[in-house]
Amino acid sequence: MKKIKAFSEPIHVSRPFLPPLSEYTYELMKIWDVYHLTNVGAFHQKFEIELKKYLDVSFNSLFVNGHLALDIAIKALNLTGEVITTPFTFASTTHAIHMNGLKPIFCDINKNDYNIDVTKIEELITEQTSAIIPVHVFGRPCNVSTIDNIASRYNLKVIYDAAHAFGVKINQKGIGIFGDISMFSLHATKVFHSIEGGLLSYSDGDLKERLTQYRNFGIAGPETIKIAGLNAKMNEFQAAMGLLNLKYIEKGIEKRKALTILYREKLMTIPGIRYVEEKSGIRYNYSYFSIEVDASIYGINRDDLYTQLINYNVYTRKYFYPLTSELECYNGLFDVTLTPIAKNVSKNILILPLYSDLQFEDVEKICEIIKSIYLDNI
Ligand code: T4K
């Protein structure tokens, strides 16, 4: 078989969308005019309003990044004791729980979509449980109706880590309306970004004031600080970038969808490579394209595929490996044998490059490489 040549430039798992530079500099001139760089200027205010419309949520607040937004959501809801969550996530979710003095209780995940397994939540609830923090992993919605139902029966709060789920809809409803609060990440590597950024959406308008204070040192007035807060304000440069990017988001999601369809079509015939099927009624954002490698069929395991792809200049990522419950910083604190499905998925998962500027020929070539590696190893 003809040897496939490596890409001449590295292909990374993600690459931020950038609007035309001239459009951004035009917006920057407005900042130069008014000298208002941060602390909720005109761009910030407009961005918050536009995002509320786009995400179809009742209330929202912007933050400098997703992690601090999540951290502040936990603080604002006064969570205590134990929080039921998933170990199959980015470190941020678990760190936010842990660093607020709370105990993460890890629930296993579904094999089919990697989200929290709702049938296993109730057995983890104790007198100490105050909340559930599920993650819409790779933008695929959790079983929100069951989670919200459990939460209301046990009087628990729900904060959805919707870092990956910007623009996702469930039966035409914005995903940010479920639970008490949802957190969206607007980081450069995401479907939609404001360089760095985070957003909380919520249905209880009374939260707005508390969230605003938490993100600005707790300041309630010139001489009043009511809460020991943080500095988590989005600046005007971020908000200007986000507003511009909002013009291009639909086109970006369409392109990602087309690339995803191509990945599926090309990978379908490669033995030992599995990907997650879509469900009806969901408007996906195609934020990540994940595969699972079954070494007994594909011939080599996930780690070897990851390494071999680097020889072709393709830089995939092992999101999420290790599980957050087995991160070095938590050494010994958690029993990973209690979440066997998460452990198994984490061992076999690989995220392939996907971003709106990726070329269709690149996807075709990545799939050809994955096929040729299979053929070399059987
Ligand atoms: N909850 C969940 C479930 C999350 O996944 C995240 C973040 C959060 C909470 C917290 O939200 P934020 O506070 O971040 O808003 C990346 C992102 O930094 C992180 O936002 C994201 N999740 C996580 C899944 O991925 P890394 O350490 O893998 O990123 P990095 O720098 O290795 O970037 C990946 C690739 O993207 C690079 O190989 C090259 C490319 N890249 C990256 C950046 C930043 C670019 O081409 N240009 C860039 O500017 O964490």
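## Close-up views of a predicted model

**View 1. The lining of the largest cavity in this predicted model is made up of seven nonpolar, five polar and four charged residues.** About 150 Å³ of space lies in this largest cavity, and of the 16 residues that line the largest cavity, Arg140, Arg264, Tyr284, Tyr286 and Tyr288 are the closest to its centre. Two elements, the helix α8 (249-267) and the strand β15 (289-293), give two or more residues to the lining of the largest cavity. When the whole structure is searched, four cavities of 30 Å³ or more are found. As a general note on such searches, rolling a probe the size of a water molecule over the atoms shows where empty space is left.

**View 2. The ligand is surrounded by 25 residues, of which His67, Asp161, His164, Ser185 and Tyr319 are the closest.** Sorted by class, the shell around the ligand holds eight nonpolar, 13 polar and four charged residues. In the side chain of His164, an N or O atom is 2.7 Å from an oxygen atom of the ligand. For Lys190, an N or O atom in the side chain is 2.9 Å from an oxygen atom of the ligand, and a polar side-chain atom of Arg317 likewise lies 2.9 Å from an oxygen atom of the ligand. The ligand taken alone exposes 910 Å², and the protein buries 75% of that area. The elements that contribute two or more residues to the shell around the ligand are α3 (66-76), α4 (91-98) and β9 (181-185).

**View 3. The largest pocket is the space taken by the ligand.** This largest pocket holds about 400 Å³ of space, and of the 22 residues that line the largest pocket, those closest to its centre are Phe90, Ser185, His187, Thr189 and Lys190. At least two residues of the lining of the largest pocket come from each of α3, α4 and β9. By class, the lining of the largest pocket divides into eight nonpolar, 11 polar and three charged residues. Two of the residues named here also appear in the view of the ligand: Ser185 is listed among the closest residues to the ligand, and the side chain of Lys190 has an N or O atom 2.9 Å from a ligand oxygen atom.

**View 4. The second largest pocket has a volume of about 260 Å³.** Of the 20 residues that line the second largest pocket, Phe17, Tyr248, Lys251, Gly252 and Ser356 are the closest to its centre. The helix α8 gives the most to the lining of the second largest pocket, supplying six residues, and α8 is also one of the elements that give two or more residues to the lining of the largest cavity. By class, the lining of the second largest pocket has eight nonpolar, six polar and six charged residues.

**View 5. The backbone includes a cis peptide bond from Tyr319 to Phe320, with omega near 5 degrees.** Phe320 lies in the loop between β16 (314-315) and α11 (340-348). Another cis peptide bond joins Tyr321 and Pro322, where omega is about -10 degrees, and Pro322 lies in the loop between β16 and α11. Tyr319, at the start of the bond to Phe320, is listed among the closest residues to the ligand.

**View 6. Asn78, a residue other than glycine, has a positive phi, with a value near 55 degrees.** Asn78 lies in the loop between α3 and β3 (82-85). For context, most residues other than glycine have a negative phi, and most peptide bonds are trans.

Note on methods:
Residues are numbered from 1 along each chain as its sequence is written. This is a predicted model: local features need pLDDT of at least 70, side-chain atom pairs count only at pLDDT 80 or more; totals for chains, interfaces and linings use all residues. Side-chain values use heavy atoms; hydrogens and water are left out. A residue is near a molecule or strand if one of its heavy atoms lies within 4 Å of it. A polar contact is a pair of N or O atoms within 3.5 Å; within protein, one must be able to donate a hydrogen and the other to accept it, and residues adjacent in sequence count only if both atoms are side-chain atoms. Accessible areas come from the Shrake-Rupley method with a 1.4 Å probe; for residues, only the protein chains shown count as cover. On a 1 Å grid over the protein atoms alone, a cavity is a set of points where a 1.4 Å probe fits but cannot get out, and a pocket is an open set with protein on both sides within 12 Å along at least five of seven lines; lining residues have an atom within 4 Å of a point. A molecule sits in a cavity or pocket if more than half of its atoms lie within 2 Å of its grid points. Helices (H or I, at least four residues) and strands (E, at least two) are DSSP runs, numbered from the N terminus. Ala, Val, Leu, Ile, Met, Phe, Trp, Tyr, Cys and Pro count as nonpolar, Asp, Glu, Lys and Arg as charged, and the others, Gly among them, as polar. Grid points are joined across faces, edges and corners, and a volume is the space filled by probe spheres set on the points.
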